[in-house]
Amino acid sequence: MTDLELRDLSKTFGHVTAVDRIELAVETGELVALLGPSGCGKTTTLRMIAGFVIPTGGAILVQGRDITDQPPHRRDMGMVFQNYALFPHMTVYRNIAFGLHARGASKSEIPARVTEALELVGLATMVERYPRQLSGGQQQRVAVARILALKPKLLLFDEPLSNLDAKLRVQMRHEIRRLQKDVGITALFVTHDQEEAMTIADRIAVLNEGRIEQVGTPAEIYDRPRSRFVADFIGTSNFLDGQLIDGRFRTRSGIDLPIPSAPEPRDARVLSIRPERIDIRQSGKDALLQGTIVRVTRLGGLLEYGIELPSGETVVVHEQSRPGFEHREPGASVGLGWRLEDARLFNA
């Protein structure tokens, strides 16, 4: 069953198109991330769904019902904001109870619903504390509990982890994912952090300049990007410019490379390959490219090599460091190879 459907949804501000005819369906119990750089339209899309921004065109449906013209308080949605939006003069208990009072919950059921929500987020012992007495992660959990207590049809997250430090952000990703699955609520999660989206979402919608470039699972988005933008925005990719000639890809410097057997754009101008999919081989031995190591960087358990080709282009290669691993040094001549199915071709 589809809980949320966006049909041809658009928003313009004067002559600027912020959201350009978006189509998206979110299934019951699914968490979908809206991912993209600043200014791509993801927050505007979320605010239209919440009712804070009026669409220029298109429709928003929740469980088949058109709510495009409904005010925010009639949409049965809960939104978790970037800055938590807690009342500083209210205790944790009162912060959560406030929304229940506003929604018309009976006085007799409010204590149980507050307790249930706080137990879900692991803060049942902190009902009398004020927001200033809580850590950033605890405040974010209270913000989530406040929404869960309302039992909305749809849960909206507007970059909720961007104010947390790196370690706590990782912890809260898993916490939000666990809560969302335990409760079974459908959720839309806006973020500009690709790692966050890959970790937390069932599916990702990648936005660029107001349009959806691709929708898919994290694995589909990473392994089978449909455009250069997606391949470049999600993870790291190498790009070689050139053209298709006689069933091979000829780089700008004149090197012919084999191409994947899957159907590809006839007018492909770019070949892309992920750094971890490239093998470093002995120079000249079954190598597709030849180059010289010009840079070695340690990234935790990874070694990142910058390898300069004769054309002057640089290819990045990742290798896992482990005991007995051959550490290569700058200046070494190497060959590069990869499985044909790991390469991608794009129009531009």
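# Why the terms apply: questions on a predicted model

Q: What makes the five strands in the order 13-12-11-14-20 an open sheet, and how are they paired?
A: The five strands follow one another as 13-12-11-14-20, with antiparallel pairing. Two strands count as paired if DSSP finds at least two bridges between them. Strand 13 (256-257) and strand 20 (344-346) each have a single partner strand, so one side of each lacks a neighbour in the sheet.

Q: How do you know where these descriptions come from?
A: The model is predicted, with local features needing pLDDT of at least 70 and side-chain atom pairs pLDDT 80 or more, while totals for chains, interfaces and linings use all residues. Residues are numbered from 1 along each chain as its sequence is written, and side-chain values use heavy atoms, leaving out hydrogens and water.

Q: Why do strand 12 and strand 13 count as a pair?
A: Strand 12 (residues 248-251) is joined to strand 13 by two bridges. The rule asks for at least two bridges, so the pair qualifies. The two strands run antiparallel, and Phe-249 stands opposite Leu-257 in strand 13.

Q: What makes residues 256-257 a strand?
A: Helices (H or I, at least four residues) and strands (E, at least two) are DSSP runs, numbered from the N terminus. Strand 13 covers 256-257.

Q: Why is Asn-238 called buried or exposed?
A: Buried means under 20% relative accessible area, exposed over 50%, and partly exposed in between (1.4 Å probe, protein chains only). Asn-238 has 6% relative accessibility, so Asn-238 counts as buried. This residue lies in strand 11 (residues 238-245).

Q: What does the side chain of Asn-238 reach, and why is that a polar contact?
A: The side chain of Asn-238 reaches the backbone nitrogen of Val-316 at 2.7 Å. A polar contact is a pair of N or O atoms within 3.5 Å; within protein, one must be able to donate a hydrogen and the other to accept it, and residues adjacent in sequence count only if both atoms are side-chain atoms. The value of 2.7 Å is within 3.5 Å, so the distance fits.

Q: Which order do the strands of the four-stranded open sheet have, and what packs on the sheet?
A: The order is 2-1-4-5, with antiparallel pairing. Strand 2 (16-27) and strand 5 (65-66) are at the edges, each with a single partner strand, so one side of each has no neighbour in the sheet. Helix 1 (residues 42-50) packs on this sheet and touches strand 1, strand 2 and strand 4, where contact means heavy atoms within 4.5 Å. The direction of helix 1 makes about 120° with that of strand 1; axes are lines fitted to C-alpha atoms, for helices over the stretch in contact, and angles run from 0 to 180 degrees between N-to-C directions.

Q: Why do strand 1 and strand 4 count as paired?
A: Strand 1 (residues 2-13) and strand 4 (residues 57-62) share five bridges in the antiparallel sense. At least two are required, so they pair. In strand 4, Ala-59 is the bridge partner of Arg-7.

Q: What makes a set of residues a nonpolar core?
A: A nonpolar core is a set of buried Ala, Val, Leu, Ile, Met, Phe, Trp, Tyr and Cys residues joined through side-chain atoms within 4.5 Å. The largest has 48 residues, of which Ile-96, Leu-118, Leu-155, Phe-157, Ile-204 and Ile-234 touch the most other members. Helix 4 (residues 136-150) gives the most to this core, with eight residues. Apart from it lies another core of 27 residues, among them Leu-9 and Val-26.

Q: How do you know that Asp-8 and Arg-21 form a salt bridge?
A: A salt bridge is a side-chain nitrogen of Lys or Arg within 4 Å of a carboxyl oxygen of Asp or Glu. For Asp-8 and Arg-21 the N to O distance is 2.9 Å, so the pair qualifies. Asp-8 is in strand 1 and Arg-21 in strand 2, 13 residues apart. At 30% relative accessibility Asp-8 counts as partly exposed, whereas Arg-21, at 55%, counts as exposed.

Q: Why does Glu-116 with Lys-151 also count?
A: The closest N and O atoms are 3.9 Å apart, within the 4 Å limit, so this is a salt bridge. Glu-116 lies in helix 3 (residues 110-121), and Lys-151 in the loop between helix 4 and strand 7 (154-158). Glu-116 has a relative accessible area of 38%, so Glu-116 is partly exposed.
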